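Reader: I am new to this structure and would like to go through it slowly, with each term explained as it comes up. Could you show it to me before I begin to ask?

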Amino acid sequence: MIIDMTEVQAINSFFRSESLKEVYGLIWLLVPIFTPVPGILIGVLVIVWLERQISAGVQQRIGPEYAGPLGILQALADGTKLLFKEDLLPSRGDIRLFSIGPSIAVISILISYSVIPFGYRVVLDDLSIGVFLWIAISSIAPIGLLMSGYGSNNKYSFLGGLRAAAQSISYEIPLTLCVLSISLLSNSSSTVDIVEAQSKYGFGGWNLWRQPIGFAVFLISSLAECERLPFDLPEAEEELVAGYQTEYSGIKFGLFYVASYLNLLVSSLFVTVLYLGGWNLSLPYISTPELIGINEVGGVFGTTIGIFITLAKAYLFLFIPITTRWTLPRMRIDQLLNLGWKFLLPISLGNLLLTTSSQLLSL
Amino acid sequence: MFLLHEYDIFWAFLITSSVIPIFAFLISGVLAPISEGPEKLSSYESGIEPMGDAWLQFRIRYYMFALVFVVFDVETVFLYPWAMSFDVLGVSVFIEALIFVLIPIVGSVYAWRKGALEWS
């Protein structure tokens with residue numbers, strides 16, 4: 001009997017220590033998962049500030065200047081204001097769809113950050129299907145927009161939601177084919193492998209030079225996926241008041257706002273990863289061996305430099321979409337669909353075949 | 001659902017990111033004022049009384065584009081495994097993939113000629 005008791009106690013304590021270990025393991029798992037989220041949100045605030053400053057510069061205005069030095073806190077102030085605004089639910093709409101729509105848009109875009117490598121070994125989840133996961137997940141966002149357009153029970157919202165869905169499915173295919181050519185070049189769809197395939201020969205090894213057509217198609221399609229200005233038909237304010245956002249106010253509108261900038265950031269990060277050499281310093285003479293030396297020896301220093309280089313490339317690239325917004329007029333819906341289906345799709349298919357042929361020759 | 005260990009972090013990140021909208025709704029529910037009224041909650045139609053329901057028929061064109069999209073999307077998904085092991089498979093599989101790509105291209109030319117890609 002006594003022996004039994006001690007055995008039971010021993011087993012119990014054994015289980016307790018095991019569960020304790022599991023809890024610690026879980027905490028160590030959760031820390032790196034919780035830290036990127038505030039980082040990404042700060043990144044979005046920086047984009048909003050950048051966009052407002054650049055727009056002001058383009059239009060020869062002053063731009064935000066009162067909230068903090070140079071108006072840095074302007075985006076934060078706007079977000080806080082939206083938190084304090086009344087959250088209206090249209091009386092005739094479908095309340096569940098109305099609330100779930102913006103959440104789906106934000107969540108689906110946020111998950112795609114899990115495969116972006118910010119630096120050497122600084123990637124949340126190095127999946128072997130990396131870029132493919134991004135493509136799969138980015139198709140979920142239009143469902144959220146469609147839900148919110150339908151749930152509002154408003155004609156403008158409904159049309160806007162339909163347009164958003166039609167636009168993103170039309171430009172999804174050229175985008176996917178461009179990414180396919182890239183992963184064909186690097187023989188892997190893992191984002192880390194794609195960056196490492198570009199690490200030789202400094203900036204001469206960038207996929208931008210091996211895939212110029214693909215880069216142009218990717219740029220146009222990602223602008224359309226983000227609903228940026230030459231393609232912002234879903235919320236064309238002269239035709240549809242604000243598209244699918246017409247009935248939204250308060251924090252739900254804020255979620256849409258955050259989602260659109262999250263999308264912009266994720267596509268510029270993917271341009272950096274796929275075409276601009278990711279975290280590599282990309283200078284021809286002090287390139288690969290020394291940088292890898294830094295990465296392997298002085299872990300923290302090398303990692304910080306890698307993250308800094310990735311972010312610098314991404315934010316420098318962002319100047320293109322932002323200045324495009326104030327340069328090009330909006331297209332019509334038929335022009336938009338023609339561009340997607342009759343121009344970009346054949347070109348990206350041809351680009352894929354060209355890439356394959358050149359790979360065949362080098363086999 | 002997935003038995004592979006590498007997807008653990010993905011699921012955890014999914015849960016983390018779904019917390020964000022819930023959190024935002026909670027904070028806004030505490031802070032935001034509530035003053036409802038019948039006019040305020042009616043749907044917006046440029047200031048006049050809303051006429052009828054918005055849940056009605058819409059253009060069939062959207063449906064046609066969705067169909068063509070499904071064809072090409074499935075095609076691209078099938079091309080991914082081929083691209084991953086391209087250097088192993090070699091020329092013969094390249095020709096097979098070429099034939100596979102040509103079939104949807106012929107289909108899309110047909111759809112184009114029939115006017116499925118026209119808006120008006």
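Reader: How far is the sulfur of A:Cys178 from the closest cysteine sulfur, and in which residue does that sulfur lie?
Author: This is a predicted model, in which local features need pLDDT of at least 70 and side-chain atom pairs count only at pLDDT 80 or more, while totals for chains, interfaces and linings use all residues. Side-chain values use heavy atoms, with hydrogens and water left out, residues are numbered from 1 along each chain as its sequence is written, and chains are lettered from A and ligands numbered from 1 in the order in which they are written. A disulfide is taken as a pair of cysteine sulfur atoms within 2.5 Å, so the separation found for A:Cys178 is too far for a bond. The distance is 14 Å, and the closest cysteine sulfur is in A:Cys226.

Reader: How many disulfides does a search of the whole structure find?
Author: A disulfide is a covalent bond between the sulfur atoms of two cysteines. A:Cys226 is in no disulfide, and the search, which covers all chains, gives a count of zero.

Reader: Is A:Cys178 buried or exposed?
Author: Buried means under 20% relative accessible area, exposed over 50%, and partly exposed in between, with a 1.4 Å probe and protein chains only. A:Cys226 has 7% relative accessibility and counts as buried. A:Cys178 has 1% relative accessibility, so this residue counts as buried.

Reader: Which helix gives the largest share of the largest nonpolar core?
Author: A nonpolar core is a set of buried Ala, Val, Leu, Ile, Met, Phe, Trp, Tyr and Cys residues joined through side-chain atoms within 4.5 Å, and the largest one here has 111 residues. Domain 1 (37–84) and domain 2 (85–356) of chain A, with bounds from an automatic or database domain assignment, both give residues to this core, so it lies between them. Helices are DSSP runs of H or I with at least four residues, strands are runs of E with at least two, and both are numbered from the N terminus. The largest share, 14 residues, comes from residues 155–186 of chain A, helix H7.

Reader: Which residues does A:Trp134 touch?
Author: A:Trp134 is among the residues with the most contacts inside the largest core. Contact means heavy atoms within 4.5 Å, and residues up to four places away in sequence are not counted here. The residues touched are A:Ser112, A:Val115, A:Leu175, A:Val179, A:Phe218, A:Val266 and A:Phe270.

Reader: How many helices does chain A have?
Author: Chain A has zero strands. Over residues 343–361 the chain is 100% helix, and the number of helices in chain A is 15.
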